[in-house]
Amino acid sequence: MEASKQQNAGRIVATLFMVIALLLIINFFRTTTIQVDFATYFTPAYYMQFSLLLMPVALLNAGFLLIRGSKQANLALAIFGYMAILELFFDLVGVTSSSTPVFVVIMLLLAAGGAIYIAHTNTFSTNKLSKSGLLVSLLIGVVESLIPLFI
């Protein structure tokens with residue numbers, strides 16, 4: 001009986017993550033203008049706008065894995081969580097610059113906090129996050145946040 005309740009709670013949380021991700025993806029396409037000017041393709045600002053699409057896609061993937069009860073769900077949640085937090089942190093301290101709307105920042109922080117908590121506590125018994133998984137998720141978060149600076 002307890003496993004059934006845990007499974008249902010996992011599905012509810014996964015569905016919530018997926019709804020948040022879809023709302024953020026819709027917001028991205030509603031507010032972003034993709035330019036056809038070839039010269040802008042090689043500027044950091046052009047690539048930074050797509051980080052606001054990459055994070056919700058990572059959350060959507062994590063929600064999908066969690067709803068399926070996949071063993072990779074905690075790793076995907078950690079990757080999303082650290083990616084979102086590091087992206088917002090680097091923006092806050094001035095390493096990168098993006099014009100992320102406040103409500104998107106709030107939604108990302110809430111979802112990232114929940115994702116990191118679930119990943120580290122193994123709340124839904126999918127698979128405990130290993131030290132190498134933690135290192136990989138942190139590395140992906142740093143690379144995703146800083147790669148536009150090197151383009």
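**A walk from helix 1 to the surface patch**

Let's begin with Arg 11, which counts as partly exposed because its relative accessibility is 38%. Here, buried stands for under 20% relative accessible area and exposed for over 50%, with partly exposed in between, using a 1.4 Å probe and protein chains only. The model you are looking at is predicted, so local features need pLDDT of at least 70 and side-chain atom pairs count only at pLDDT 80 or more, while totals for chains, interfaces and linings use all residues. Residues are numbered from 1 along each chain as its sequence is written, and side-chain values use heavy atoms, with hydrogens and water left out.

How confident is the predictor? The mean pLDDT (the predictor's confidence in each residue, from 0 to 100) is 86 for the protein, and 97% of its residues reach 70 or more. Among the elements, helix 5 (residues 102–121) has the highest mean pLDDT, 93, and helix 2 (residues 44–48) the lowest, 71. Helices are DSSP runs of H or I with at least four residues, strands are runs of E with at least two, and both are numbered from the N terminus.

Back to Arg 11, which sits in helix 1. From its C-alpha to that of Tyr 82 is 22 Å in space, with the two positions 71 residues apart in sequence terms. Helix 1 spans residues 2–31 and also holds Phe 17. Phe 17 counts as buried because its relative accessible area is 5%. Leaving out residues up to four places away in sequence, Phe 17 touches Leu 59, Gly 63, Leu 77, Ala 111, Gly 114, Ala 115 and Ile 118, where contact means heavy atoms within 4.5 Å. By contrast, the C-alpha atoms of Phe 17 and Leu 146 are 25 Å apart, and these residues are 129 apart in sequence.

Now follow the chain to the loop between helix 5 and helix 6 (131–146), where you will find Asn 122. Asn 122 has a phi near 55°, a positive value in a residue other than glycine. Ser 125 lies in the loop between helix 5 and helix 6, and its phi, near 50°, is likewise positive in a residue that is not glycine.

Beyond that loop, Ser 137 belongs to helix 6 and counts as buried because its relative accessibility is 0%. Apart from neighbours within four places in sequence, Ser 137 contacts Ala 78, Ile 79 and Tyr 82. Its C-alpha is 12 Å from that of Gln 72, although 65 residues separate the pair along the chain.

Helix 6 is also home to Glu 144. Which residues does Glu 144 touch, not counting those up to four places away in sequence? They are Ser 51, Leu 54, Met 83 and Glu 87. Glu 87 itself lies in helix 4 (residues 73–93), and its contacts, again without neighbours within four places, are Met 48, Ser 51, Met 55, Thr 96, Glu 144 and Ser 145. Glu 144 is buried and has no salt bridge, with Arg 30, the nearest side chain of opposite charge, 20 Å away. Glu 87 is also buried without a salt bridge, and Arg 30 is again the nearest opposite charge, at 19 Å. A salt bridge needs a side-chain nitrogen of Lys or Arg within 4 Å of a carboxyl oxygen of Asp or Glu; for charge, Lys and Arg count as positive and Asp and Glu as negative, with His and the chain ends not counted.

Our last stop is Phe 89, in helix 4, which counts as partly exposed because its relative accessibility is 44%. Phe 89 joins Leu 92, Val 93, Val 95, Leu 149 and Phe 150 in a nonpolar surface patch of about 650 Å². Patches are made of residues with over 30% relative accessible area and no salt bridge, joining like charges within 9 Å and nonpolar side chains (Val, Leu, Ile, Met, Phe, Trp, Tyr) within 5 Å. The areas come from the Shrake-Rupley method with a 1.4 Å probe, and for residues only the protein chains shown count as cover.
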